Each structure stands twice: as C-alpha cells, then as structure tokens.
Amino acid sequence: LDRGMLTELESYVMNKNHVSLDKWWAAYNESIGCLEKSRKFYKKANDNLSLARIACHEGDLNGALEIAKVSKSSSVSYHVARHLVAMGDIKRAISCYSDSGLFGN
C-alpha cells in the first residue's frame, strides 16, 4: 500500500466505532513499529492488555502498573506481574499477582 492509501485507511478506521477494526489497525501499526499509533488505537478499543504489554516492552513499568490499577483487569495484572518477575522485581510482582487473583509457576 502506498502512503496515501494508508492515510485513507487510517482515516476510515478512525471514523468507525468498531472495536475489532481498531484492534486490527493497532496490531498492524505495532507490527511495523509505530507504537504511538498502536497505543492510540488500542486505547480507542479499550484494549488494556495490549496497552500494558506495550508499556512493558518499552520499559515503562510505572505506566503498565497504572494501566493494571485503573483497568482492574486480572489479565492485565497477571501480564504485568509476569513481566516484573522476569525483571527481578518480585515485591511488585507479588502485589500484581495478588491483584490478578491468578497465580502461576
């Protein structure tokens, strides 16, 4: 697709209120490294897990923790907890695991 077609496609997606389309466009942008656009469309789709995943990927642990706190989503809390474990931040990971209500080995 040329740049003009991509701009037109993005405009189309932006003007529709269709969660699946928003998530698809966000995933496309994420796949080509356009994380700012990706976040914009994940936010529009209210996809907190993907927002937290990107925050973790970028090393924004405070942002990921805030997303987990505000969303009150067990899957977001669990994802952030697993990331914190991988980073060696066990104390905050335990808190996230507790918030999630889910536990893993």
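This is a short selection-by-selection tour of a predicted model.

**Stop 1: the main core**

Start by selecting Ala64, Leu65, Val76, Val80, Leu84 and Cys96. These are the residues with the most contacts inside the largest nonpolar core, which has 14 residues. To see what frames this core, colour α4 (48-57), α5 (61-71), α6 (74-87) and α7, since each of these elements gives two or more residues to it. If you like a general rule to go with the view: in soluble globular proteins, nonpolar side chains tend to be buried together.

Now centre on leucine 84. What does leucine 84 touch, once its neighbours within four places in sequence are left aside? Its contacts are Leu61, Leu65, Asp89, Arg92, Ala93 and Cys96. Two members of that list, Asp89 and Arg92, deserve a click of their own: their side chains meet in a salt bridge, 2.7 Å from N to O. Arginine 92 counts as partly exposed, at 30% relative accessibility.

**Stop 2: a second core**

Next, select Trp25, Ala26, Phe41 and Ile54. They are among the eight residues of another core, which lies apart from the largest nonpolar core. While Trp25 is still highlighted, add Trp24 and Tyr28 to the selection: ring pairs link Trp24, Trp25 and Tyr28 into a cluster.

**Stop 3: two cysteines**

Show cysteine 56 and cysteine 96 as sticks. How many disulfides are there in the model? The count is zero. Cysteine 56 is in no disulfide, and the nearest cysteine sulfur, in cysteine 96, is 8.7 Å away. Seen from the other side, cysteine 96 has its closest cysteine sulfur in cysteine 56, and at 8.7 Å the two are too far apart for a bond; the cut-off for a disulfide is 2.5 Å between sulfur atoms.

Are these two cysteines buried or exposed? Cysteine 56 is buried, with a relative accessible area of 4%. Cysteine 96 also counts as buried, at 4% relative accessibility.

**Stop 4: salt bridges**

Switch to the charged side chains. A search of the whole structure finds six salt bridges, and a few of them are worth a visit.

Begin with lysine 44 and aspartate 22, whose side chains meet in a salt bridge of 2.9 Å, N to O. This pair links distant parts of the chain: lysine 44 sits in helix α3 (residues 35-44) and aspartate 22 in helix α2, 22 residues apart. Turn on a surface to compare the partners. Lysine 44 is partly exposed, with a relative accessible area of 29%, whereas aspartate 22 is buried, at 2%.

Then move to glutamate 58 and arginine 39. They form a salt bridge in which the closest N and O atoms are 2.7 Å apart. Here the link runs from the loop between α4 and α5, where glutamate 58 lies, to helix α3, which holds arginine 39; the two are 19 residues apart. Glutamate 58 is partly exposed, with a relative accessible area of 43%, and arginine 39 is partly exposed at 23%. Keep both selected and add Glu36, because Glu36, Arg39 and Glu58 are linked in a network of salt bridges.

**Stop 5: a tyrosine pair**

Hide the charged residues and look at the rings. The model has three aromatic pairs. One of them joins tyrosine 78 and tyrosine 97 in an edge-to-face arrangement, 5.6 Å centre to centre with 65 degrees between the planes. The pair bridges distant parts of the chain, with tyrosine 78 in helix α6 and tyrosine 97 in helix α7, 19 residues apart. Tyrosine 97 is buried, with a relative accessible area of 14%.

**Stop 6: serine 100**

Keep Tyr78 in view and select serine 100, which lies in helix α7 (residues 90-100). Apart from neighbours within four places in sequence, serine 100 is in contact with Ser74, Ser77 and Tyr78. Serine 100 is buried, with a relative accessible area of 8%. Zoom in on its side chain: one of its polar atoms lies 2.9 Å from the backbone nitrogen of leucine 102.

**Stop 7: asparagine 29**

Finish in helix α2 (residues 19-31), where you will find asparagine 29. Which residues does asparagine 29 touch, not counting those up to four places away in sequence? They are Cys34, Lys37 and Ser38. At 2% relative accessibility, asparagine 29 counts as buried.

Note on methods:
Residues are numbered from 1 along each chain as its sequence is written. This is a predicted model: local features need pLDDT of at least 70, side-chain atom pairs count only at pLDDT 80 or more; totals for chains, interfaces and linings use all residues. Side-chain values use heavy atoms; hydrogens and water are left out. Helices (H or I, at least four residues) and strands (E, at least two) are DSSP runs, numbered from the N terminus. Buried means under 20% relative accessible area, exposed over 50%, partly exposed in between (1.4 Å probe, protein chains only). Contact means heavy atoms within 4.5 Å. A polar contact is a pair of N or O atoms within 3.5 Å; within protein, one must be able to donate a hydrogen and the other to accept it, and residues adjacent in sequence count only if both atoms are side-chain atoms. A nonpolar core is a set of buried Ala, Val, Leu, Ile, Met, Phe, Trp, Tyr and Cys residues joined through side-chain atoms within 4.5 Å. A salt bridge is a side-chain nitrogen of Lys or Arg within 4 Å of a carboxyl oxygen of Asp or Glu. Rings of Phe, Tyr and Trp (its six-membered ring) pair if their centres lie within 6.5 Å; planes under 30 degrees apart count as stacked, over 60 as edge-to-face and the rest as tilted.
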